[in-house]
Amino acid sequence: MSAPAVRPDFAEILRLVRPGSRVLDVGCGEGALLELLARENGVDGRGIEISPEGVSACMARGLAVMQGDADRDLDYFAAQAFDYVILSQTLQAVQNPRHVLGELMRIGERAIVSLPNFGHWRVRLDLLLHGRMPVTGVLPDPWWATPNIHLCTVHDFTALCDDLALSIDACAALADGKPARPIDPTRAAENWRAEAALFLLSRR
Amino acid sequence: MSDGETSAARKTDGGGLWTFPADQPLRLDNGGRIEGLEIAYQTYGALNAERSNAILICHALTLDQFVASNHPVTGRPGWWTRVVGPGKPIDPEKHFIICSNVVGGCMGSTGPSSIDLRTGAPWGLTFPVITLADMVRAQAMLVEALGIERLFAVVGGSMGGMQVLQWVADYPGRVFAAVCVAAAARHSAQNIAFHEVGRQAIMADPDWRGGGYAIEGVRPEKGLAVARMAAHITYISEAALQRKFGRELQGDGLSWGFDADFQVESYLRHQGASFVDRFDANSYLYITRAMDYFDLAAAHGDVLADAFRDARDVRFCVFSFTSDWLYPTVESREIVRALNAVGARASFVEIDSDKGHDAFLLDEPVFRDALGGFLGAAAQARGLA
């Protein structure tokens, strides 16, 4: 039996996370990434998940996961409690992304953040040609149903990192089903090309 | 495996009364001591050769050691058979399960209705005011007497959950996993207020006799029943009470008097009346007092996290229920945040239920499965599975 294919963004995170490190996965769902990190990299993992079903599924897998959300619960962790804090495709859905990003960098030595890029050419074209809020592969919901309340572009995000004095140690473009592609997020072309992007951050 | 081996490996339900010699007194938080301490307990399953599969269950205010066996007074099934039993999360086929009556209780452990060996008469109100830490200290004595150095898990709901927190604060090295259900790290003003109503009802009963009713051969049944009725309301959610009874009448119409016209009145009266058959009024005073005195942070410089400083290696699991207004989710969150602050390995889930505080005793499949998942994973980490 062959091993099931690992999601490309998970594979990239697996590559970035040092084996044996302490990891907090914020918005860990049913714990697939945490389980992968524990199995492949021997990490000491914890999770935060908003849905009780997700938490229960994680507990059944033997993962230490608490029900909570990024906006409210990060504040209660000790500073530097983790080597990595992971926030996957969630920053655009929180109430206060600037605060959450600051908290990630307070409780973790490094943060791994991925988000959809609102600067992607298809998004720009959609809005330009049709005058309607774009609906794409990484942004599948209509405006009235989307959980994404704080969408941004790759350049918006790099500007926020600058503002918070964070350094971007690695960045990769993510596209559905394709392997992660390392990019320089400051280049204008990548702000057009990347459907979604994943960042490895540390304090300057 | 032959039949002989099977029966040797599977000890039947056990337990009894453990009497500690006078030179092993229970030392109390109030500075006093109880000599000749007796602890009544039940066990299920068998202790393995490594003595690593023991689970201690801590019971709630009015419950007892009969967690998974018929109650000797009421004849009703054990109070946690949904969670404890073959194939259940706490399984006598896998675990050695211990449940003991708390000190101060009335189902066999030393309490205010026991005989004070020094006077030969029931303790009554001369029984010392005890705390949850005293109860836990007595449990630790029993666990040690049973030859168990380190429990696989300590599990409890409501007052039992508070005892679980006390356990990890006082004996972090003697607990591998801890499960705290529908509880809090301290009693709130509202919790204390409801308990005070119950105590006043008991003490207002002329048959209470200043706590000396046992000597005078009477029982403050009316007061204790009212205490139970008031408390019972706090165990159920408004929605559950409405769903069960609404404004349904007992008979064809209103009585235009003060009989139990409404079904909810009749239900509460029944709850009160049946409670007095199995519970002692003074025990009710002492145990509610112990709960009111409970404030885990206060004993640690008002920083709850400091209570868990030495318990980082304990695997924690905290449960709350959405409609529990006696120990609401916010109280469980406080516990989890304190655990996170010290970097303890904590899981927490709020179970969606409209059954109120008593949900932890009722049929809640999501709770049962999550508990099973947690204990299963912990068993693997402990080398049991």
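**Notes on chain B: its partner, its domains and one helix**

1. Let's start at the chain-chain contact: 20 residues of chain B touch 14 residues of chain A. On the chain B side, two or more residues come from each of α11 (329–341), β12 (345–351) and α12 (365–381). Sorted by class, that side holds ten nonpolar, five polar and five charged residues. Please keep in mind that this is a predicted model.

2. Within chain B there are two domains to look for: domain 1 covers 13–190 + 295–381, and domain 2 covers 197–290. Their C-alpha centres are 26 Å apart.

3. The two domains of chain B also meet each other, with 29 residues of domain 1 in contact with 22 residues of domain 2. On the domain 1 side, β8 (121–122) and α2 (132–145) of chain B each provide at least two residues. The make-up of that side is 15 nonpolar, eleven polar and three charged residues.

4. Helix α2(B) deserves a closer look. Its 14 residues should span 20 Å at 1.5 Å a residue, and the end C-alpha atoms are indeed 20 Å apart, so the expected and modelled spans agree.

5. How many of the 14 residues of α2(B) are buried? Ten are, and the helix is mostly covered. Among them are the nonpolar-looking names you might expect to find on a list like this, including Leu132(B), Met135(B), Val136(B) and Met141(B). Asp134(B), Arg137(B) and Gln139(B) are buried as well.

6. Just past the helix, have a look at the backbone: α2(B) is followed by Gly147(B), which has a positive phi near 85 degrees.

Terms used:
Residues numbered from 1 in each chain as written. Chains lettered and ligands numbered in written order. Predicted model: local features only at pLDDT ≥ 70, side-chain atom pairs only at ≥ 80, totals over all residues. Domains from an automatic or database assignment. Contact = placed C-beta atoms within 7 Å. Helix = DSSP H or I, 4+ residues; strand = E, 2+ residues; numbered from the N terminus. Nonpolar A, V, L, I, M, F, W, Y, C, P; charged D, E, K, R; others polar. Expected span 1.5 Å × (residues − 1). Buried ≥ 20, exposed ≤ 12 C-beta atoms within 10 Å, placed from the backbone.
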